[in-house]
Amino acid sequence: MRHIDFRIISNNLHNDSAIKSLQLANAYYRIKIFYYGDYAADKKAQKIDANNLSVKCTPIDNALDLTIYDANLIEVELAKMASIPATQIDQTIKQLQIASGCINSLQRIMHQYF
Amino acid sequence: MKFIDKERNILIKLQQTNYEMFDGNASDAFDFVAAQLEKFPAYANVVIREQIMQPIWYARFEGEDLRYHIQSMDERRKMAHDGAIKSIDILNRLSKNLGLEPFADVDTKDRHAVAELVGQYVSEVYNNGINKSFDDMTYQKEKEYDTKAISKRLQKAVPEVHFDQNYDNTGLTL
């Protein structure tokens, strides 16, 4: 299974703010994961509440948009590509492979932190 | 109060509190609010697409193929619906913590009520957009911009363009 790694840009999960964030990036996506709650306590008690999680994903260049509900519910947005010109098939396959590799890495990070 | 006004009030309040809830990080605050609001058109989009495609699928497929398409869309619809519910809960919490009225006065355990509310939200935003009603905040924001500041930003971003030192209205000398 292919992985395209993310760098952790900032980790504010343990600060005092009401809404914590973990920011990730690679060449294809910038992703911010927010936790609206007491992350440290919830993590320690192994009671991370999925209802406190929200994710903002910003694709870079031509990366496909992702809708991320939680680590196990991620969609690749293909709405505008219900049909594609034959000339764009290779490009679309490449975009999907990139999305897939990024999703694999993202899921690993989300499972680790949340 | 319109949803657009509620969104605006949240942004104003976040600014007034120096984005304290986000440890002073304005970018995080904007992304957080956007992440919630984006869930509404995402859900509406799934519902609309389902309505458009279902008659086509029933006409086009049968048996296992038909079941696959219907079930896939149902799963997507549920995911998007759950996402919208979660976003409403989060926006209501955020509004409460900022001392504002709830973003949406709806029982989020009532999935049908949430679906209706998302419809109202999308309808309001869509109508606002197509009627080209000029947004007050945008208007004021544009008024606040001075041309020198814009020129300096442009100069920084596009250094090869020649700028007149005695700025004209645009700051650009072509």
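This is a short chat about reading contacts, salt bridges and burial in a predicted two-chain model.

Student: Before we start, what should I know about the model and its numbering?

Tutor: The model is predicted, so local features need pLDDT of at least 70 and side-chain atom pairs count only at pLDDT 80 or more, while totals for chains, interfaces and linings use all residues; side-chain values use heavy atoms, with hydrogens and water left out. Residues are numbered from 1 along each chain as its sequence is written, and chains are lettered from A and ligands numbered from 1 in the order in which they are written.

Student: How many residues of chain A are in contact with chain B?

Tutor: Contact means heavy atoms within 4.5 Å. Here 23 residues of chain A are in contact with 24 residues of chain B.

Student: And how much area do the two chains bury between them?

Tutor: Buried area is the accessible area (1.4 Å probe) that two parts lose on being put together, summed over both. Chains A and B bury about 2100 Å², with 53% of it on carbon and sulfur atoms. Tyr36(A), Lys56(A) and Tyr69(A) supply 32% of the area that chain A buries against chain B, more than any other three residues.

Student: How many salt bridges are there between chain A and chain B?

Tutor: A salt bridge is a side-chain nitrogen of Lys or Arg within 4 Å of a carboxyl oxygen of Asp or Glu. There are 5 between these chains, and 12 over all chains in the whole structure. One of them pairs Glu75(A) with Arg76(B), where the closest N and O atoms are 2.5 Å apart. There's also a network of salt bridges linking Lys32(A), Asp28(B) and Asp31(B).

Student: Where do Lys56(A) and Glu38(B) lie?

Tutor: Their side chains meet in a salt bridge at 2.9 Å, N to O. Lys56(A) lies in strand β4 of chain A and Glu38(B) in the loop between α2 (26-37) and α3 (39-60) of chain B, so the pair joins two chains. Helices (H or I, at least four residues) and strands (E, at least two) are DSSP runs, numbered from the N terminus.

Student: Is Lys56(A) buried or exposed?

Tutor: Buried means under 20% relative accessible area, exposed over 50%, and partly exposed in between (1.4 Å probe, protein chains only). Lys56(A) counts as buried because its relative accessibility is 12%, while Glu38(B), at 41%, counts as partly exposed.

Student: What about a salt bridge inside one chain?

Tutor: Try Lys6(B) and Glu101(B), with their closest N and O atoms 3.7 Å apart. Lys6(B) lies in helix α1 (residues 3-16) and Glu101(B) in the loop between α4 and α5 (111-130) of chain B, so the pair ties together parts that are 95 residues apart in sequence. Then look at Asp82(B) and Lys78(B), which form a salt bridge at 2.8 Å between the closest N and O atoms. Those two are 4 residues apart in helix α4 of chain B, so about one helical turn separates them.

Student: Which residues is Asn92(B) in contact with, leaving aside its neighbours within four places in sequence?

Tutor: Those are Pro102(B), Phe103(B) and Ala104(B). Asn92(B) sits in helix α4 (residues 63-97) of chain B, and counts as buried because its relative accessible area is 17%. A polar atom of the Asn92(B) side chain lies 2.9 Å from the backbone nitrogen of Ala104(B).

Terms used:
Polar contact = N/O pair within 3.5 Å; in protein donor to acceptor, adjacent residues only side chain to side chain.
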